[in-house]
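Here is a short briefing on one protein chain. Please look through the sequence and the structure before reading on.

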Amino acid sequence: TYKKLNGNYLEKVSSFIQIIKSKYFLNTNVFGNDLRIILLFIMLLFLVSIISSFAYPTDSDSMTYHLSLPKAFAEKGHIFATPLYKDWMSPFSVEMIHMYLLVLFDDFTPILFNCLVQIFFSFSLYILVVTRFSNFAGILSVLFFYSTPNMIILLSTGKPDGIFFGIIFLSFHFLLLWKEKNNLNYLYLSSIFVGASLALKYQAIYWFFTIYPIFIIIMLLNKNVKNFFILALYFGIIPIIISCPWYLKNFITTGDPVWPFGYSLFESSFWNAELDTKYKSWETGPGKSLLKYLFGFWNLTLRQAEWKWGLLIPFLPYNLILLPGLALTYKRFNKKQIEIIIFCLLAFFIFYSIWFIGWQQIRYLLPVMGLLNLISAAVLVHLYQSKNIRILLRMTFASILIFSLSYSIFYNSQFLKNALGLESKKDFLTNKISFYEDISFLNENLNDDAVVL
């Protein structure tokens, strides 16, 4: 674009900047100050999480397998089967990085690594949105996603979920890019990222069965696509090849590639019928019925009483507030943007339907809530053009931003003393984990091959 512009150097630079502004910022005067405030808020949110990630890990899942198993593998010198706990044979790509970090550095290093990589992957959601809408919409999507309490908590744990979500966004981005550019390299990149997600968590199977039908629909709608069946085969096989080492390991060790969830089919080793029945009956959500399915989005956001023990970490109501605005603003979107919105809604409903028939763990729904954030952000950008609505939106989001930052500071304050070196590891873990002294006593008096992880 710069080369095609006429005029001297300064005139060309000025023109080039105006083109970039018109392409990504729409009406910059409307968004300017708000954009700076939002960026400052996002940086503060990330900064608090980065500081707290220097504390020693205390999150339950981190202690039971995300960090404890890599540490045990490193100490024993090999990867071994760990029976009778459902998550101990999950795909462990990120946990292998944890293992090397624990060998080379301190115990908090995997948490810091997870936090920084999750922040890096926030750009995957931004790229997905800014490529098709605007810079402001991209930044809003990141804000909506990372200000929700679940993501604030995940940023300072050993869970790989945030990395998993970023990889999902990239796989969707490159699938759409393949549709837009008709370049097969983007399709291969998409399938590679789908495979990477399958090598991170079992829950990526939800995403595989979401993105694959969308891929088929795109091929059916595109009359110029050649080698339909070959491409369909590639998009299914490439993810399997990338993720297969973990599933082959499970099959060789236990006879069940998705141990222990295939017990009824494979009669897996290191598991039993009692445990199989127990975990199949798990249900953390409001239950399964047509009415619960239809009102699931409402229940997730506002109706905490519908959830067992209450929905302790609800989704913020960004999407509930903004998605209805699609009915008012859809005429302002171009054909390409309408298609993206339809694909995002389709991805949500497929993924949500698969999630609904499971045990309804709220965290597993986060990636497609991120896709809904894309729509909400795009709607908000257009609603912002109206001065009266803009004032109302600013008031609404100011209250939510204050809540999110307060929540982040309050939640992470429990780690700050240890992270800043003001509290010893022993005192911190004793205060945070009620049974830490009991475990320490047991480990000091047990043989090396019989320790509590």
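The points below go from the whole chain to its helices, surface, salt bridges and backbone.

This is a predicted model. The chain has 453 residues, and 51% of them count as buried. Its secondary structure consists of 23 helices and zero strands.

**Overall make-up**

- Contacts reach far along the sequence: of those between residues at least 6 apart, 70% join residues at least 24 apart.
- The exposed area of the chain is about 22,000 Å². Carbon and sulfur atoms supply 66% of that area.
- There are zero disulfides in the structure.
- Two cysteines can be checked for burial. C115 is buried at a relative accessible area of 0%. C344 is also buried, with a value of 0%.

**Helix α11**

- Helix α11 runs over residues 204-221 and has 18 residues.
- From first C-alpha to last, α11 reaches 26 Å, close to the 26 Å expected at 1.5 Å a residue.
- Which residues of α11 are buried? They are A204, Y206, W207, F208, T210, I211, I214, F215, I218 and M219.
- The spacing of such a list can be read against helix geometry. An α-helix has 3.6 residues a turn, so residues three or four places apart point the same way.
- What do the buried residues of α11 pack against? Their partners are α9 (161-181), α10 (184-198), α12 (228-254), α19 (335-356) and α20 (366-383).

**Helix α20**

- α20, one of the helices packed against by the buried residues of α11, has 18 residues.
- The C-alpha span of α20 is 25 Å, close to the 26 Å expected at 1.5 Å a residue.
- Is α20 largely enclosed or largely open? In α20, 18 of the 18 residues are buried, so the helix is largely enclosed by the rest of the structure.

**Nonpolar surface patch**

- A nonpolar patch of about 750 Å² lies on the surface.
- The residues that make the patch are L39, L40, M43, L44, L47, I51, L420 and L422.
- M43, one of the patch residues, sits in helix α2 (residues 28-52).
- M43 counts as exposed, because its relative accessibility is 54% and the cut-off for exposed is over 50%.

**Salt bridges**

- The structure holds seven salt bridges.
- K159 and D59 form one of them, with 3.0 Å between the closest N and O atoms. K159 lies in the loop between α8 (149-154) and α9, and D59 in the loop between α2 and α3 (60-66), so the pair ties together parts that are 100 residues apart in sequence.
- Both ends of that bridge are covered. K159 is buried at a relative accessible area of 7%. D59 is buried at 19%, where the cut-off for buried is under 20%.
- K201 and D161 meet in another salt bridge, at 3.6 Å from N to O. K201 is in the loop between α10 and α11 while D161 is in helix α9, so this pair ties together parts that are 40 residues apart in sequence. K201 and D161 are both buried.
- E339 and K179 also form a salt bridge, at 2.6 Å from N to O. E339 belongs to helix α19 and K179 to helix α9, so the pair ties together parts that are 160 residues apart in sequence.
- Are E339 and K179 buried or exposed? E339 is partly exposed at 25% relative accessibility. K179 is partly exposed as well, with a relative accessible area of 25%.
- A network of salt bridges links K71, D107 and K425.

**Backbone points to check**

- Most residues other than glycine have a negative phi, and most peptide bonds are trans. The items below depart from that pattern.
- The peptide bond from W259 to P260 is cis, with omega near 0°. P260 is in the loop between α12 and α13 (263-266).
- N182 is not a glycine, yet its phi is positive, about 55°. N182 lies in the loop between α9 and α10. At 48% relative accessibility, N182 is partly exposed.
- F270 has a positive phi near 60° and is likewise a residue other than glycine. F270 lies in the loop between α13 and α14 (273-280). With a relative accessibility of 35%, F270 counts as partly exposed.

Key. Residues are numbered from 1 along each chain as its sequence is written. This is a predicted model: local features need pLDDT of at least 70, side-chain atom pairs count only at pLDDT 80 or more; totals for chains, interfaces and linings use all residues. Side-chain values use heavy atoms; hydrogens and water are left out. Helices (H or I, at least four residues) and strands (E, at least two) are DSSP runs, numbered from the N terminus. The expected span of a helix is 1.5 Å times one less than its number of residues. Buried means under 20% relative accessible area, exposed over 50%, partly exposed in between (1.4 Å probe, protein chains only). Contact means heavy atoms within 4.5 Å. Accessible areas come from the Shrake-Rupley method with a 1.4 Å probe; for residues, only the protein chains shown count as cover. A disulfide is a pair of cysteine sulfur atoms within 2.5 Å. Patches are made of residues with over 30% relative accessible area and no salt bridge: like charges are joined within 9 Å, nonpolar side chains (Val, Leu, Ile, Met, Phe, Trp, Tyr) within 5 Å. A salt bridge is a side-chain nitrogen of Lys or Arg within 4 Å of a carboxyl oxygen of Asp or Glu.
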